[in-house]
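Welcome! Here are some short exercises to work through with the structure open beside you. Try each task before you read its solution.

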Amino acid sequence: MPWVASSQEEILSSSPSQRQCERTAFAFYCAVREQLPVWLLEDMRTMEVFCWEDGHPRAFSHSEALLYALVHDHQDYARYLLHTHAASALRAPRCSFCCCRSSGAPHLNVAVRYDRVRILGMIVEALQGGAAERVTRDYINSCGGCAHVADSGKAAAELAVELSRPDCLLLLLAHGAQPHGVDAALQRVEAARAPEERQDALRCLDFLLLFLPKPEALRLLSSDSGRWQELLGTEVFNWLCGLAPPSLLLQSLRSLAQEVPSQLSHLPNFLQLQSWQKPLSPWRHT
């Protein structure tokens, strides 16, 4: 197999220093995965662990450590990095493929991809504590990144819709993310097969509607209006098509979501849009 031979050749050609860096980097990865104490991880990061870059070893950055904490849901380590080194921890790391400094907000995207809602909340809190509202909003809505990076060109909220991560999406929308992606949310609703999958897709659609200032032009709804009325309910379908104003309940919940989004989870069950058991929620009846 040619790729095995190539891999063996790379191992043989790498220097002892590079191989040592690879071993220590893997040890650090395992230490974060095993949820070792923060003090021990920081001792490793600052004194024992190195990665190989431009022909030289270097210590792991706060940014790279936060990515490890996100992947393995090490909440204590993430909290420490964001409380003590927020600016450097949220800086985009260099791409390991081309060594350029990637842009955008990769930590937000990783938090969404792995559904790390608690750490995502810590990131948003750190952003609010150290930057103006406009800067926070720009960071949350940033997209781009090196072409080699997973999810490049996508904002975190777009990825949350694409992956049906409703809790992540609500957190991002509540802190300034643009409510784009209604079309994508509708496609997820349509494509869902399992009840849980459709429930998450519908919750994402609901949260987008709560923050959407006005309905978008959606050609998808005109393709099979009967089916979409059945999926969305008459009121939502008519509002999205521009045939009727939003219901009073939707307007009230939108005001609540935009002013005090944390209160949505404390509403009675019949007012919570995330309750997708039968009977349908009151503004999605047919």
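**Exercise 1. A pair within one helix**

Find the salt bridge between Asp76 and Arg79 and decide where its two partners lie and how covered they are.

*Solution.* Keep in mind that this is a predicted model.
- Step 1: the side chains of Asp76 and Arg79 meet in a salt bridge, with 3.0 Å from N to O.
- Step 2: helix 5, residues 75–84, holds both Asp76 and Arg79. They are three residues apart, about one turn of the helix.
- Step 3: buried means under 20% relative accessible area and exposed means over 50%. Asp76 has 49%, so it counts as partly exposed. Arg79 has 32%, so it is partly exposed too.

**Exercise 2. Two further pairs**

Which residue forms a salt bridge with Lys154, and which with Arg203? Classify each partner as buried, partly exposed or exposed.

*Solution.*
- Step 1: Lys154 pairs with Glu162 through their side chains, at 2.9 Å from N to O.
- Step 2: Lys154 has a relative accessible area of 26% and is partly exposed. Glu162, at 34%, is also partly exposed.
- Step 3: Arg203 forms a salt bridge with Asp167, and their closest N and O atoms are 2.9 Å apart. This pair links distant parts of the chain: Arg203 sits in helix 13 and Asp167 in helix 11 (residues 166–174), 36 residues apart.
- Step 4: Arg203 has 12% relative accessibility, so it counts as buried, whereas Asp167 is partly exposed at 39%.
- Step 5: for the overall picture, a search of the whole structure finds six salt bridges.

**Exercise 3. Inside the core**

How many residues make up the largest nonpolar core, and which have the most contacts inside it?

*Solution.*
- Step 1: this core has 73 residues, and those with the most contacts inside it are Phe28, Tyr77, Leu169 and Leu232.
- Step 2: helix 13 (residues 195–211) gives the core its largest share, nine residues.
- Step 3: look around Leu169. Leaving aside residues up to four places away in sequence, Leu169 touches Ala157, Ala160, Val161, Cys204, Phe207 and Leu208.

**Exercise 4. A covered helix**

Work out whether helix 4 is mostly covered or mostly open, then look at what comes just after it.

*Solution.*
- Step 1: helix 4 spans residues 62–71, and eight of its 10 residues are buried, so the helix is mostly covered.
- Step 2: the buried residues in helix 4 include His62, Ser63 and Glu64 as well as Leu66 and Leu67.
- Step 3: just after helix 4, Asp73 has a positive phi of about 55 degrees.

Key. Residues numbered from 1 in each chain as written. Predicted model: local features only at pLDDT ≥ 70, side-chain atom pairs only at ≥ 80, totals over all residues. Heavy atoms only, no water. Buried < 20%, exposed > 50% of the residue type's maximum accessible area, 1.4 Å probe, protein only. Helix = DSSP H or I, 4+ residues; strand = E, 2+ residues; numbered from the N terminus. Core = buried A, V, L, I, M, F, W, Y, C linked by side-chain atoms within 4.5 Å. Contact = heavy atoms within 4.5 Å. Salt bridge = Lys/Arg side-chain N within 4 Å of Asp/Glu carboxyl O.
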